[in-house]
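Hi everyone, thanks for coming. I'd like to walk you through a structure, so please have the viewer open.

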Amino acid sequence: MTSSNTATMAVARNYKDYGSALWKRIILTREGAVFAALILVIIIASVTVKHFAAPITATYLLLDIAPILLIALPMTLVIITGEIDLSVASTAALASVTLGTLHQAGMPLELAALVAIIVGALAGALNGFLITVVGLPSLAVTIGTLALYRGLAVGLLGTTAVTDFTEFWKDLAKSKIGGSAIPSVVILIAVLAVAFAILLHFTQFGRGIYAIGLSPEAARFSGVRVERTKFILFVMSGSVSALAGIFYTLRFSSARGDNQTGLELSVIAAVLLGGVSIFGGRGALHGVLAGVLLIGTLGSALRLASVTSDVINIITGTLLVASVVSTSVLAWIRSKRSRPGGKKPETAAATKS
Amino acid sequence: MTTQTTTTQSSFGTRVLHGAGNFAKARETGILIAFVLVVVAATVKNPNFLFSNDGFRDLLLTPSILLLVAVGQAVVIITRNVDLSVGSTLGLSAYLTGRLFIDFPGIPILAVFLIGILFGGLLGLVNGALVAFARVPALVITLGTLYIYRGINVWWTGSDRINASDMPKDFLALGTQQFFSIPVLTIIALVVLIAAGWYLRNQRGGRELYAIGSDPGAANLYGLKVTQRVLVAFVVCGALAGLAGVLYAARYGTINSQAGSGFELEAVGAAVIGGVAIFGGSGTVWGAAIGAFLLFTINRALPILGVQDFWQRAVVGVLIIGAIVLDRVLSLRQSRKLVEARDN
């Protein structure tokens, strides 16, 4: 996808206009639009939907979207480099099954969880190896490992489920901070989110991630270690997915091979909605977090308004399509305006990836 | 990622094209051998796998629906796009089939087929128009329509379910009927396969799809109607998923709101196993068809070979990864050969 063609990128990507005022650059962005939509949804829902403003709503909302929030963090970085990881949900299930099987065999939960995270990291490392060392397209590789890791997870446990976990950890997964309505898992998410935000936005490594997404060749010539960066990102993606799998397992105290099937698409939808370009090179973590929250809040508000929970699928899809189409429509209008009377951008008409 | 294109910058030199043709042939032969090996191994273990009437029928029947979807998927992937919404399209079309029989008793079966295909084509047109005109990556658009179509399906179906008793006997018989011991479903799938294979190999439009997939920019500069071709590829893919939906209804008899979910990855998997490069420009529908057969046959062969069928997905994963590694090795060798030929 990264190397598809330059004409598409010229259309799909718009750089920050560093000549404009700082507040404009912060507020008038894709991320700003997602935040505005999120706030709008929260306000409208609080006023019109009964019980939406109740604290318990926030608790369940955050518990429900916690795995998506967690996995979206490394996924953002992976997509900014122009790659993609479809195997995250399967990795989470593999970690869940590892945790369950080892705990059942008598291993203490803490140790089993550690092993599960290592398994996740190894799963990510295999993806990274195939993509960076062997040089295969990440889309194809992770479709393969999606099936492979899910198959291992289902194969290990069959149709059985491990449901017996230590009470302390089960309670912790469901507990709240002090007397508030915020679940404790938010602390974990916040710590990781800050860590990933610093990594992406304030370090040399993070600048390298953007550089790779914009142009892998240029990045390499300017000294970015492209392969190593991508490999590290896939290992991170695997580890955090495993963490999300462990959380899910403990919350529902059920380790099953088919846990979280299809979660990869929800994560990717949320990340793209949050303003990350599928071509790579563009996006920011706060936009992604707002994107996940937007989808989650909409879903929870609609459920409370007893709209069939499945309408949320239609809305998620429409938001996703609208968010990407709007970008190209805006780019098209801008290019039209910039050359008045000129012909339409011919180069763009032909290209698609 | 860029190397696949080197093997198929073919639309200009016949010599290169010839080489690429041979290379592709070798690739499909490999997957065919794998398929035959699986069938032979399972048959040796249990002769009923192939030689009983039921075994033979299942061998041909089960992969036929996936075959149709995989052929459509291959056409789209060849143009360097992807259609993730096929599973949802199939589900909607299957439910529509059932509804047609319930709401219009006595509707001719042929009309149902036509409506299913047209409906699928319409859904494909939506994908194609968004991808071609809005110039947005197909992965994102069809991920969106995957949700939208499935959402519409769930909304429309609710907890309702179409049962076999809702559909006429003649229609359901199509699902199991055989014609000279070959199931009718398989014959339909094979006719589509042959037509698609012929068109892609011999017709100008088909060759242009490869050119577009190899290098969209170059195809445009060369004067090919890129937008139109891509649009048509999506319509074909949707129409085939629609047809598959009608056949799904005939084959299984019960349709709920989740019919065909997850099919998109199976279809992409079948195409990739069959040697269709995920970044376009190379591969054939024949490969995708054999890939579809291999996927479903392994599913049935594993329990016979003494492996629990829980492991089936793991085997599929290994197959997909093995296939793309093989493609990579072959394309590297091919480009090395081409460089040598040029330097001499």
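I'll talk about the contact of the two chains, then a helix pair, and then a few single elements.

One caution before we start: this is a predicted model.

Let's begin where chain A and chain B touch. The contact draws 52 residues from chain B and 49 residues from chain A. On the chain B side, the elements giving two or more residues are H6, H7 (138-157), H11 (216-221), H12 (226-252), H13 (263-273) and H15 (312-343). Which of these gives the most? That is H7(B), with 14 residues. By class, this side of chain B comes out as 35 nonpolar, twelve polar and five charged residues.

While we're on chain B, have a look at H6(B). This helix covers residues 109-134, so to speak a run of 26 residues, and reaches 37 Å from first C-alpha to last, close to the 38 Å expected at 1.5 Å a residue. Right after H6(B) comes Arg135(B), with a positive phi near 55 degrees.

Now please turn to chain A, and find H5 (residues 88-104) and H12 (residues 226-251). How do they cross? Their axes come within 7 Å, at roughly 55 degrees. An angle between 35 and 65 degrees counts as oblique, and therefore H5(A) and H12(A) are oblique to each other. The crossing of H5(A) past H12(A) is right-handed. If you want to colour the contact, H5(A) contributes residues including Val88(A), Ala92(A), Ser96(A) and Gly100(A), while among those from H12(A) are Gly238(A), Ser241(A), Gly245(A) and Tyr248(A). Taken by class, the contact has nine nonpolar and eight polar residues, and no charged ones.

Next, H14(A), residues 285-304. Its 20 residues reach 29 Å from the first C-alpha to the last, close to the 28 Å expected. Is H14(A) mostly covered or mostly open? Mostly covered: 16 of its 20 residues are buried. Following H14(A) we meet Ser306(A), whose phi is positive, near 45 degrees.

Last stop, a single residue: Ala195(A), in helix H9 (residues 185-202) of chain A. Buried or exposed, what would you say for Ala195(A)? The cut-off for exposed is 12 or fewer other C-beta atoms within 10 Å; Ala195(A) has 11, so this alanine is exposed. Ala195(A) also has a partner from elsewhere in the sequence: Leu73(A) is 122 residues away along the chain, yet 9.7 Å away in space, C-alpha to C-alpha.

That's my tour. Thanks for listening!

Methods. Residues numbered from 1 in each chain as written. Chains lettered and ligands numbered in written order. Predicted model: local features only at pLDDT ≥ 70, side-chain atom pairs only at ≥ 80, totals over all residues. Helix = DSSP H or I, 4+ residues; strand = E, 2+ residues; numbered from the N terminus. Expected span 1.5 Å × (residues − 1). Axes fitted to C-alpha atoms, helices over the stretch in contact; angles between N-to-C directions. Parallel < 35°, antiparallel > 145°, perpendicular 65-115°, else oblique. Left-handed = near helix turned anticlockwise from the far one by under 90°. Contact = placed C-beta atoms within 7 Å. Nonpolar A, V, L, I, M, F, W, Y, C, P; charged D, E, K, R; others polar.
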